[in-house]
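Please find below my note on the model, set out as numbered points.

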Amino acid sequence: MKIVSWNCNGAFRNKYGLVAGYEPDVVVAPESESPDYLAKCDKGVPCENHIWDGENASRGLSIFTFNGYQAYVPDFYNREFKLVLPVVVYNSVRCFLLIAVWTKFVGQARNSYVAQAYNAMCFYDKYFTGNTVIIGDFNSNSIWDEKNPNRVKHEALVNKLAGDDFSSVYHQMRREAQGHETQPTLFFRRQKSRAYHIDYAFMHRSLFGNLNDFRVGRHDDWSGESDHMPLFLNIRDRV
């Protein structure tokens, strides 16, 4: 199963071809258009399912499925968390829970980016299984924890997920500590001098034995289209 997560910086309808060559089964696309918006543009994305949520029809959170994979939003979806969207993805032989993330700041420090993700994980943890993947744009890194002492810390989110047997795929593979990442996922305003690691894939530890590959896109390849780099995750089916 191949999953791509990419904050596309809008106009995904014109950028889908850039990830299509990876032959993804699932694409998580923050800052992408709603199905109704795409219909008005008369330019869709050739997918099995397109699930979307957001407040701006041109820039919400999309999950697209391909290659026979289907998806639906479970009845436990809680729109209180902006935006953390669970979907059940399945085909004839596999079913897993994907939690797509594009956190948004909601007015107050207690509702910061990382607080949205942390509170969502505390709510959804009862639904976690060994076939759960959490992926997207978290807008968070532990380098900012001490600058915001009154907010929920990124460390708290990582520790919460660790307690539920989830690890960041990047950090597990690269053997790098949180806050010491050598490969950025964001080049703010596309500047190499303002580089941060804020996009993550967390996977249940029982899935790591089935991990085929994980990569982060490079600035030279992707910065012409977005300030975020895509995440490419490839998980072998269980046997």
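The points go from the basis of the model to the overall fold, then to one strand and the core.

1. This is a predicted model, in which local features need pLDDT of at least 70 and side-chain atom pairs count only at pLDDT 80 or more, while totals for chains, interfaces and linings use all residues. Residues are numbered from 1 along each chain as its sequence is written, and side-chain values use heavy atoms, with hydrogens and water left out.

2. The chain holds 6 helices and 14 strands, these being DSSP runs numbered from the N terminus (helices H or I, at least four residues; strands E, at least two). Its radius of gyration, 17 Å, is close to the 18 Å that the globule rule gives for 239 residues, so the chain is as compact as a globular protein of that length; the radius is taken over C-alpha atoms, and the rule is 2.2 Å times the number of residues to the power 0.38.

3. Strand 14 (residues 231-235) is largely enclosed by the rest of the structure, because 5 of its 5 residues are buried (under 20% relative accessible area, 1.4 Å probe, protein chains only). Leu231, Leu233 and Ile235 point one way from strand 14, and Phe232 and Asn234 point the other way.

4. Strand 14 pairs antiparallel with strand 1 (residues 2-5) over 4 bridges, where pairing requires at least two DSSP bridges, and Val4 stands opposite Phe232. Strand 13 (residues 211-216) also runs antiparallel to strand 14, joined by 5 bridges, with Leu211 opposite Ile235.

5. The largest nonpolar core (buried Ala, Val, Leu, Ile, Met, Phe, Trp, Tyr and Cys residues joined through side-chain atoms within 4.5 Å) has 70 residues, and Leu233 is among those with the most contacts inside it. Strand 7 (residues 95-102) gives the most to this core, with 7 residues.

Technical notes. Buried < 20%, exposed > 50% of the residue type's maximum accessible area, 1.4 Å probe, protein only.
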